[in-house]
Amino acid sequence: MNLKTESKLEKILAAGHLAVTSECGPPRGSDPEVIKKKGELLKDYVDAINVTDNQTSVTRLSSLAACIHLKLMGVEPVLQMVTRDRNRIALQSDILGAASFDINNILCLSGDHQVFGDCPGGQNVFDLDSMQLLQTVRHMRDNGKFLGGDEINRPPRMFAGAAANPFAEPFKIRVPRLAKKIAAGAEFIQTQCIYNLDRFEEWMKGVCDRGLHEKVYILAGVTPMKSLGMARYMKKNVPGMDVPDEVIDRLAGVPKEQQAEEGMKICLETIERLKEVKGVSGFHIMAIEWEEKVPEIVERAGLFPRPE
Amino acid sequence: MIVGEQKPLEEIWGTVSGHRKVLVLGCNSCVAVCHQGGTKQAEILTALLRMQATQDGTDIQFEVNGIERQCEHDFFTPVTDAVKGSDAVLSLACGVGVQFMAEKFHTTPVYPALNTTFLGAVERPGYFTEKCQACGNCLLATTGGICPIARCAKRLLNGPCGGVNNGKCEINKELDCAWHLIVERLQALGRLDDYEKLFPLKSWAKDRAGGPRKFIVEELLP
């Protein structure tokens with residue numbers, strides 16, 4: 001196996017296993033126990049845990065610090081890094097900081113606009129975009145150099161990832177956009193939550209037709225619906241989210257106290273169908289405010305135990 | 001052109017109410033087009049300020065005038081005496097004009113009556129939109145003539161974020177997604193494949209980040 005990094009996630013994907021990742025959001029405070037608890041809960045059930053970077057622009061404990069907590073307890077973190085808040089000096093600096101703790105995975109994102117968060121009057125930086133951050137990570141790793149051209153002593157060795165939203169508009173550039181992210185240096189992709197399987201399969205067909213699935217590992221994103229209210233909210237209010245009416249109807253068709261289990265069933269059926277889709281290399285399970293359900297999903301989906 | 005928007009009367013009143021003799025000076029180029037800063041708007045604003053002074057029982061003498069541009073020495077000749085004879089100037093120019101006057105008349109306070117909002121176009125009468133952020137290194141040749149720096153809320157250079165909805169920006173349903181427009185435009189030009197060309201890291205050295213900019217045309221120098 002020709003591995004480029006020490007990443008456990010890369011190793012599992014390269015070995016041909018279906019990888020499983022999940023995510024946890026750092027707390028709105030400085031208590032490390034919140035992170036450690038989530039890490040403890042997930043560590044035997046997933047290969048790596050993404051740590052979000054001030055998601056929805058709400059100020060939280062830093063992604064890097066939370067990743068360090070996870071790393072120190074033996075969990076494999078995926079450092080999510082957005083370009084909204086830091087210029088290229090700070091981004092490179094934080095990449096080195098993460099590498100100094102042997103954090104081996106990074107997910108390069110542009111980040112939600114600050115208007116959605118708790119500091120809507122704040123400046124946004126966007127010195128780079130997500131693709132340019134990918135280029136930066138790969139440049140630092142593969143060329144061993146800073147953007148300014150100087151040599152890096154002990155370059156960061158990170159497995160570089162990016163997000164993809166197969167459902168966002170304009171649909172005609174969805175496959176080209178993935179190709180562009182691969183050209184920028186993406187080695188793994190975690191997708192937006194998938195509810196519209198027909199649409200996802202159409203996208204994956206386009207991806208495979210161009211052979212892109214052989215150049216990047218695609219982890220299909222799934223999120224169990226906790227309730228009908230959540231499904232309706234996501235359909236209506238979350239930009240770039242495609243929730244078909246069938247999902248809403250299924251949840252609406254059962255009594256309220258059974259909606260969570262129905263949401264779970266939909267999620268498991270989704271995983272089963274996605275396992276058969278050519279080009280899917282694993283799953284990214286985002287159980288929003290429902291992390292305790294991840295072990296159950298992994299077990300019931302037949303993805304347990306995880307490979308070493 | 002430069003687009004501006006008049007500040008609330010209350011804020012303007014707060015800046016001038018401590019003076020006895022105020023020159024209200026319009027600027028008849030850019031900010032007159034959007035009916036915010038020309039001589040006519042200066043006259044209306046003065047009438048409102050006079051009413052405010054009467055209501056407050058404050059004795060302020062307002063004089064109104066206007067010049068073609070407050071950002072060029074030559075145009076100031078007709079109003080130089082009026083400026084010097086005033087305790088303060090309320091300028092209806094953009095931020096450029098206000099500063100130009102402040103430097104020109106070192107001992108006279110100059111207050112802005114406008115918020116300078118953006119560099120934009122007149123889409124239709126009364127409807128102005130931002131088009132340029134004067135980044136100093138134009139990239140419009142590669143983006144089908146639509147600027148993602150000025151028109152994408154995240155100034156993304158390589159394509160749309162995941163938040164575009166029906167061609168609109170996630171932060172405002174009335175705002176076109178710049179990248180949606182760019183993609184449609186590239187397709188119309190038969191250049192959709194160009195979307196896949198990676199836009200390299202941009203140098204912002206010619207932007208605001210590089211510090212205040214100047215431009216010298218040798219043959220125009222005296």
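Which helices and strands each supply at least two residues of the lining of the second largest pocket? That was my way into this predicted model, and I worked outwards from there.

**Entry 1: the second largest pocket**

I looked up the contributors by chain. Chain A gives helix H4 (88–100). Chain B gives strand S6 (114–124), strand S7 (127–132), helix H6 (148–151), strand S9 (172–176) and helix H7 (178–188). Each of these elements, from either chain, puts at least two residues into the lining. The largest share is that of S7(B), with 5 residues.

Next I checked the volume, which comes out at about 1400 Å³. There are 40 lining residues, and the closest to the pocket centre are Glu130(B), Gln133(B), Ile149(B), Ala150(B) and Arg151(B). I also sorted the lining by class: 17 nonpolar, 8 polar and 15 charged.

**Entry 2: H7(B)**

H7 of chain B was on the pocket list, and I wanted its inward face. Which residues of H7(B) are buried? I get Ala178(B), Trp179(B), His180(B), Ile182(B), Val183(B) and Leu186(B). The buried residues of this helix pack against H6 and S9 of chain B, both of which also supply residues to the pocket lining. Just past the helix I noted Gly190(B), whose phi is positive at about 70°.

**Entry 3: cavities**

I ran through the closed spaces too. How many cavities of 30 Å³ or more does a search of the whole structure find? The search gives 2.

The largest has a volume of about 160 Å³. Its lining counts 19 residues, and those nearest the centre are Cys152(B), Ala153(B), Cys161(B), Cys169(B) and Cys177(B). I see H7 of chain B again here: along with strand S8 (168–169) and S9 of that chain, it supplies at least two lining residues. By class this lining splits into 12 nonpolar, 2 polar and 5 charged.

The second largest cavity is about 30 Å³ in volume. I wrote down its lining: Ile194(A), Tyr195(A), Val222(A), Thr223(A), Ile266(A), Cys267(A) and Thr270(A). Helix H10 (residues 259–275) of chain A has the largest share, 3 residues. The lining holds 5 nonpolar and 2 polar residues, with no charged ones.

**Entry 4: strand S8 of chain A**

I then turned to strand pairing in chain A. Why is strand S8 (residues 280–285) of chain A largely enclosed by the rest of the structure? I found 6 of its 6 residues buried, so the strand is largely enclosed.

I looked for its partners. Strand S1 (residues 19–24) of chain A runs parallel to S8(A), with 4 bridges between them. Strand S7 (residues 217–222) of chain A is also parallel to S8(A), joined by 5 bridges. Gly282(A) turned up in both pairings: Ala19(A) stands opposite it, and it is the bridge partner of Leu219(A) as well.

**Entry 5: Ala162(A)**

Is Ala162(A) buried or exposed? I placed this residue in strand S5 (residues 159–164) of chain A. Its relative accessible area is 0%, so Ala162(A) is buried, the cut-off being under 20%.

I listed its contacts, leaving aside neighbours within four places in sequence: Leu107(A), Cys108(A), Leu134(A), Lys181(A), Ala186(A), Phe188(A), Ile189(A) and Gln190(A). For one of these, Phe188(A), I took the C-alpha separation from Ala162(A): 6.5 Å, with their positions 26 residues apart along the chain.

**Entry 6: the open sheet in chain B**

My last stop was back in chain B. In what order do the 4 strands of the open sheet lie? I read S3-S2-S4-S5, with parallel pairing. Strand S3 (61–67) and strand S5 (110–112) of chain B are the edges, each pairing on one side only. Neighbouring strands are turned against each other by 25° on average, direction ignored.

I took a closer look at one pairing. Strand S4 (residues 88–91) of chain B joins S5(B) in the parallel sense over 3 bridges, and Leu90(B) stands opposite Tyr111(B) of S5(B).

I also noted what covers these strands. Helix H5 (residues 95–104) of chain B lies across strand S2 (21–27), S4 and S5 of chain B. Against S5(B), the helix runs at about 170°.

Terms used. Residues are numbered from 1 along each chain as its sequence is written. Chains are lettered from A and ligands numbered from 1 in the order in which they are written. This is a predicted model: local features need pLDDT of at least 70, side-chain atom pairs count only at pLDDT 80 or more; totals for chains, interfaces and linings use all residues. Side-chain values use heavy atoms; hydrogens and water are left out. On a 1 Å grid over the protein atoms alone, a cavity is a set of points where a 1.4 Å probe fits but cannot get out, and a pocket is an open set with protein on both sides within 12 Å along at least five of seven lines; lining residues have an atom within 4 Å of a point. Grid points are joined across faces, edges and corners, and a volume is the space filled by probe spheres set on the points. Ala, Val, Leu, Ile, Met, Phe, Trp, Tyr, Cys and Pro count as nonpolar, Asp, Glu, Lys and Arg as charged, and the others, Gly among them, as polar. Two strands pair if DSSP finds at least two bridges between them. Axes are lines fitted to C-alpha atoms, for helices over the stretch in contact, and angles run from 0 to 180 degrees between N-to-C directions. Contact means heavy atoms within 4.5 Å. Buried means under 20% relative accessible area, exposed over 50%, partly exposed in between (1.4 Å probe, protein chains only).
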